[in-house]
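Please consider how the nonpolar residues and the helices of the following model are arranged.

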Amino acid sequence: IPPSTLDARVNGRRSMADYSKQRRLLTEQEDIVLAEHVKMSGERAFPLSCAQIRARAETLVKARNPLAEIGKQWTYRWLQSHPELHIYTSSPLDQARADGMNKNALELYWKALEKVFHHLRPVDDPVEAQFIFGMDETGIMLGVGGKQKVVGASGQKIQHMKRDGNRELVTVMVTICADGTKLKEWITLKGKNFQERWLERNTNNIRMTCTESGYANNKLGLPWMKDFHQQTIDKSHRRRSLLLDGHASHCTPEALDFAKSVNIDVVSYPPHTTHETQGLDKVGFGALKKILAKLRGEWERTHGKVTKETFVVLYEKAAALAVTEKTVKACFSSTGVWPFDPA
């Protein structure tokens, strides 16, 4: 040890390590919590950006000191002290490259599921079907139905069927449970402002909202997650596992933070693998849309065009016939989620 260093300590001067430690914005425990959160988010296919990490650190610091601020370069300096973390550059995958990534993506997905189902749970809280949920969304045209087998006069090349032709999009978010039940759906209609009349025939309290495009967007992420919690609050004394795709509207930072705060473990389906991993895509939505198209055709023949008010009526009938307990359980078993079978 250099004599100058010993002399400095004798005279009460702090070491650079002690000085740096005092200047740290995060406490040791906060630092550990943040690093673990970043790792876990990546494992579940919800990797955080540097800006999102800084925002989470700022939340921790401001809980102790409301006036504290974190600089834009803080995350990069913080990462230097965490060699177990690394900055990656993400980019969209075309289908050919995605096909090559599927195997690796699936392996990571099954490892994440196994960790959530087993390793993160206390010994006295074993995973059960009633605590495993899956959510998926599908788009439906308000007045465009699928093809149906019909009868007409012989000698024609094609038999046309009159339809309303309204291509206005409706997005339906369906959440199912491995015990065979389902939650109240979210239906997103197209519109600038929500109209109360759209609720007139909504007798089963399906959640209804609207966006200008008819697609679910980022603003719905947190309200949807809070509603999921409320609909499953009788199970909130145990950890709930929620599987969904990594679309930005479902996995906003606010939604994921809320989920974590109420014991909801969120796992993302791997991209480009919906045909294998998303049970509703594999088993449920095909039958749902087929039955809905039939009901819509019958409605148009007897009542005229399908409106936003009447769509919910037809959807409820179709869902009752298509999304049954048997179908819901098949959504989980056919994809190996429950019973858990990654083979």
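The paragraphs below treat the nonpolar cores and then one helix pair.

This is a predicted model, in which local features need pLDDT of at least 70, side-chain atom pairs count only at pLDDT 80 or more, and totals for chains, interfaces and linings use all residues. Residues are numbered from 1 along each chain as its sequence is written, and side-chain values use heavy atoms, with hydrogens and water left out.

The largest nonpolar core (buried Ala, Val, Leu, Ile, Met, Phe, Trp, Tyr and Cys residues joined through side-chain atoms within 4.5 Å, buried being under 20% relative accessible area with a 1.4 Å probe, protein chains only) has 45 residues. Ile187, Phe311 and Tyr315 have the most contacts inside this core. Among the elements that each supply at least two of its residues are strand S3 (186–190), helix H10 (279–302) and helix H11 (308–322); helices are DSSP runs of H or I with at least four residues, strands runs of E with at least two, numbered from the N terminus. H11 gives the most, with eight residues. Apart from this core lies another, of 22 residues, including Leu220 and Ala255.

The axes of H7 (residues 221–231) and H8 (residues 253–261), lines fitted to C-alpha atoms over the stretch in contact, come within 7 Å and cross at roughly 20°, the angle running from 0 to 180 degrees between N-to-C directions. H7 is therefore roughly parallel to H8, a term for angles under 35 degrees. In contact (heavy atoms within 4.5 Å), Gly221, Leu222, Met225, Lys226 and His229 of H7 meet Glu254, Ala255, Phe258 and Ala259 of H8.

Key: Angles under 35 degrees count as roughly parallel, over 145 as roughly antiparallel, 65 to 115 as roughly perpendicular and the rest as oblique. Buried means under 20% relative accessible area, exposed over 50%, partly exposed in between (1.4 Å probe, protein chains only).
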